Amino acid sequence: MNIRKAEKSDSKYIAPILLLAMEDIIYKFIAKKDYASAKDFLQYFVERENNQYSYQNCFVAEENGEIIGAVNIYNGSDIEALRNPIVEYVRAHYNPEFDPEFETRAGEFYIDSLGVNPNHQGKGIGSKLLVFLINEYVHQNKQTLGLLVEEENPLAKNLYLKLGFKIVGEKTLVGKKLEHLQIGNK
């Protein structure tokens with residue numbers, strides 16, 4: 001398995017994989033529970049540059065020429081600039097009152113979402129993507145990584161804790177209560 005920076009041509013494979021991790025949130029963005037619409041919405045942004053879901057902010061796990069996992073990560077200090085194109089689009093097309101909370105801030109590189117193709121789940125691919133990010137950002141570049149996890153997702157939370165993340169607080173995002181975890185080079 002190879003982990004590499006995503007390219008624009010990967011977008012149609014990245015969107016459904018990332019959607020696995022944030023389906024409920026995208027449904028709230030588009031104000032309807034429709035998988036095809038949610039996938040199209042996400043792919044629209046993955047294909048474009050300079051937004052939080054852009055392929056520019058993704059790494060992919062590839063095996064035998066197939067993208068089997070993807071992770072979306074960006075500098076928390078860029079959240080407002082990266083979020084603006086999405087907020088403007090949602091306000092124009094779905095919900096004029098849309099005003100989501102910022103899930104990150106300066107001081108961390110934020111793992112927005114991570115997904116593994118359902119046909120490849122349970123093989124440690126998510127763990128390998130996280131270890132790759134920890135090596136790249138924390139060990140090599142002396143940065144802090146942050147992420148949010150749902151309280152109802154103990155398997156993911158246990159994996160993060162096992163890899164060295166620590167609980168640093170709680171956040172609410174589009175009505176969901178989440179735990180904020182970080183790992184840094186301290």
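## Tour: from β4 and β5 to the largest pocket

Select β4 and β5: the two strands run parallel and are joined by three bridges. This is a predicted model. Now pick Phe109, and look across to β5, where Leu145 stands opposite. Next, trace the chain from β4 through α4 to β5. This β-α-β crossover is right-handed.

Stay on β5, residues 145-150. Colour the strand by burial. Five of its six residues are buried, so the strand is mostly covered, with buried meaning under 20% relative accessible area.

Add β7, residues 176-183. β5 and β7 pair in the antiparallel sense, over six bridges. To see one pairing up close, select Val149 and Glu179: Glu179, in β7, is the bridge partner of Val149.

Now turn on the pocket display. The largest pocket has a volume of about 900 Å³. Where is its centre? Select Ala21, Leu114, Asn153, Ala156 and Tyr160; of the 38 lining residues, these lie nearest the centre of the largest pocket.

Which elements supply the lining? Show the helices α1 (11-30), α4 (125-140) and α5 (154-162), then the strands β4 (109-116), β5 and β7. Each of these supplies at least two residues of the lining of the largest pocket. The strands from the earlier stops, β4, β5 and β7, are thus among the elements that line the pocket.

Last, colour the lining by class. The lining of the largest pocket has 21 nonpolar residues, nine polar ones and eight charged ones.

Methods. Residues are numbered from 1 along each chain as its sequence is written. This is a predicted model: local features need pLDDT of at least 70, side-chain atom pairs count only at pLDDT 80 or more; totals for chains, interfaces and linings use all residues. Side-chain values use heavy atoms; hydrogens and water are left out. On a 1 Å grid over the protein atoms alone, a cavity is a set of points where a 1.4 Å probe fits but cannot get out, and a pocket is an open set with protein on both sides within 12 Å along at least five of seven lines; lining residues have an atom within 4 Å of a point. Grid points are joined across faces, edges and corners, and a volume is the space filled by probe spheres set on the points. Helices (H or I, at least four residues) and strands (E, at least two) are DSSP runs, numbered from the N terminus. Ala, Val, Leu, Ile, Met, Phe, Trp, Tyr, Cys and Pro count as nonpolar, Asp, Glu, Lys and Arg as charged, and the others, Gly among them, as polar. Buried means under 20% relative accessible area, exposed over 50%, partly exposed in between (1.4 Å probe, protein chains only). Two strands pair if DSSP finds at least two bridges between them. A crossover is right-handed if, with the strands pointing away from the viewer, the path from the first strand over the helix to the second runs clockwise.
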